[in-house]
Structures are given as structure tokens and as C-alpha cells.
Amino acid sequence: MDHGHEIRRQALELRKLVCEENSLDVESLHPSDEFARLALEHLNLTPVPEHPDSANLHGSFAVLEDDIVFYSIDLESGFRDYCIAHEAGHRILHVFEAVCGRDEIEDIDSDQESGSPKRRVIGYGAKEKRERDANLFALELLLPCAALRRAFIEERLSAFEISERTGMPVAYVKRQLARAVLIPGTGTETGDGRQETGDGKQETGDGRQETGDERRGSGSGGA
């Protein structure tokens, strides 16, 4: 399992828990403002809006500090939700520290499974790696590849229509949709531990394949 796949897995795990707690369909797309709020509630994090010049933001769009997520009131709604989900990603993925020491920044061996071999040799700072991780987490939490793939292929929704449904910026939808549809092996995780095959069926874990109708009939698609 590569590093990016593990990040997406953890995002989907949080997504599944939030859906179960709130009787939401884990296989469907949901409004980003609602889902970001519910994710923070699950993690016992409190969102606090701040003026862009607030010292709590340290010049950033959003900041995780203790059990509070500070965010700028000037952010547009979809991007705000993405920033909040980004901070949720830090809580799940990292022992979050505001200041990184030199040893952390120069430790290129900590990310052996991520990126290309060239990137692993060159390396990049620990802080940059954490930010990349949190960005990937936020996208998969709010715009899971499997749900995007179904919306695009089965419901025939465009990126603009998906943006309207979720409230997420269309540029973010297009980026994640490209990953879901074009990159082999991506967009196959359903959030319930199963893998979706290329023909829209799902592996159930015992070698069988279920169609969408069979899943709906058995009630396995709901949370």
C-alpha cells in the first residue's frame, strides 16, 4: 500500500464513521459544509471563525490549535470547508506541531512510500509533506473518489453539477474527478471496506461480485 493510498484510506474511515453516526449514505456525495461540520463534531473539534488579521490565524486560512479549528471569515464557503477538512486531516494523521525542528524538516527517510523515486531521493520538508497529506485527506473526505466516479459515470453529472451538489469549488471537483476516473486503481474504494470493479460491481470480500441493484436490495449501501 503506497503512502497516498493510506491517506485516502484513513479519510474514508473517518467518512464512514461520520456517516454511520448521522444516518448518511456513505456511497453518496454530501454538502461539504454539513460534512465538514459533522467531521469536526466526531473529532471533538470546535470551529471558530476569525477575522483574517487575527493573531490566532498566524496569517493562514485556517489553524488547528488544541481542540479548536480557527478559520478566516473571508473564505468562500466551499474553500472554507476544504480548509476545515484539511485541519481535521492534521488531527487524524499527525502529532500536530506549529513549529518543526531542523531534524524533522531534513528527515527525508520518513516518506519512503510517497511520490516518485526521484522525489524520494531529493526529498522535501516534513512540514510540506504534512501539508500534502492533509490536502489529500481533505479531498478524499469531502469528495471521495468512489462517490465521484459513480456520480460522473452512473448519474452522468458534470463537474459543475457535482460542484453545485456538494458546494465544493469546481476546480477541486475537476482535480479529484480526474484522479477518480483516469488513474488506475483509484475510485474503487467504497468506504465500507469493499473494492469496486471496473464494471460497476463490487467485490464483497468472499470473492463474489455484487451489482448496484443487489447492494440496494441487501441494504448494504446505507449507513
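This section describes the fold, the three-stranded sheet and two helix pairs of a predicted model.

The protein contains 10 helices and six strands. Of its 223 residues, 44% are buried. The exposed surface of the protein amounts to about 11,700 Å², of which carbon and sulfur atoms supply 49%. Where contacts join residues at least 6 apart in sequence, 54% of them link residues at least 24 apart.

An open sheet is formed by three strands in the order E1-E3-E2, with mixed pairing. Its edge strands are E1, covering residues 46–50, and E2, covering residues 62–65, each of which pairs on one side only. From one strand to the next, the twist averages 20°. The two pairings of strand E3 can be taken in turn. E1 and E3 run parallel and are joined by five bridges. E2 and E3 (residues 68–72) run antiparallel and are joined by four bridges.

Individual residue positions illustrate these pairings. Phenylalanine 70 of E3 stands opposite valine 48, and phenylalanine 70 also stands opposite valine 63. Leucine 64 is placed opposite valine 69 of E3. Glutamate 65 has isoleucine 68 of E3 as its bridge partner. The connection between E2 and E3 is a hairpin with two residues between the strands. Within that turn, aspartate 66 has a positive phi of about 55°. Burial was also examined for strand E3. Because four of its five residues are buried, E3 is largely enclosed by the rest of the structure.

Helix H3, formed by residues 77–93, lies across E2 and E3. Relative to E2, helix H3 runs at about 30°. Helix H3 also packs with helix H2, the two making an angle of about 25° with their axes 9 Å apart. At that angle H2 counts as roughly parallel to H3, because the limit for this description is under 35 degrees. The crossing between H2 and H3 is left-handed. On the H2 side, the residues that meet H3 are Ser32, Asp33, Ala36 and Leu40. Their counterparts in H3 are Gly78, Arg80, Asp81, Ile84 and Ala88.

Helix H2 spans residues 32–42, and its buried residues include Ser32, Phe35, Ala36, Leu38, Ala39 and Leu40. Ser32, Ala36 and Leu40 are thus listed both as buried and among the residues that meet H3. The spacing within such a set can be set against helix geometry. An α-helix has 3.6 residues a turn, so residues three or four places apart point the same way. Just after H2, asparagine 44 adopts a positive phi of about 60°.

A second helix pair is made by H8 and H9. H9 covers residues 170–182, and H8 and H9 pack with their axes 9 Å apart at an angle of about 120°. This angle makes H8 oblique to H9. The contact involves Ala159, Phe160, Ile162 and Ser163 of H8. From H9, the contributing residues are Val170, Val173, Lys174 and Leu177. H8 passes H9 in a right-handed crossing.

Helix H8, residues 159–166, also contains glutamate 164. Glutamate 164 has a relative accessible area of 69%, and because the cut-off for an exposed residue is over 50%, glutamate 164 is classed as exposed. The C-alpha atom of glutamate 164 is separated by 8.9 Å from that of proline 31. Along the chain, glutamate 164 and proline 31 are 133 residues apart.

How values were computed:
Residues numbered from 1 in each chain as written. Predicted model: local features only at pLDDT ≥ 70, side-chain atom pairs only at ≥ 80, totals over all residues. Heavy atoms only, no water. Buried < 20%, exposed > 50% of the residue type's maximum accessible area, 1.4 Å probe, protein only. Contact = heavy atoms within 4.5 Å. Areas by Shrake-Rupley, 256 points an atom, 1.4 Å probe, with all protein chains shown as cover. Pairing = 2+ DSSP bridges. Axes fitted to C-alpha atoms, helices over the stretch in contact; angles between N-to-C directions. Parallel < 35°, antiparallel > 145°, perpendicular 65-115°, else oblique. Left-handed = near helix turned anticlockwise from the far one by under 90°.
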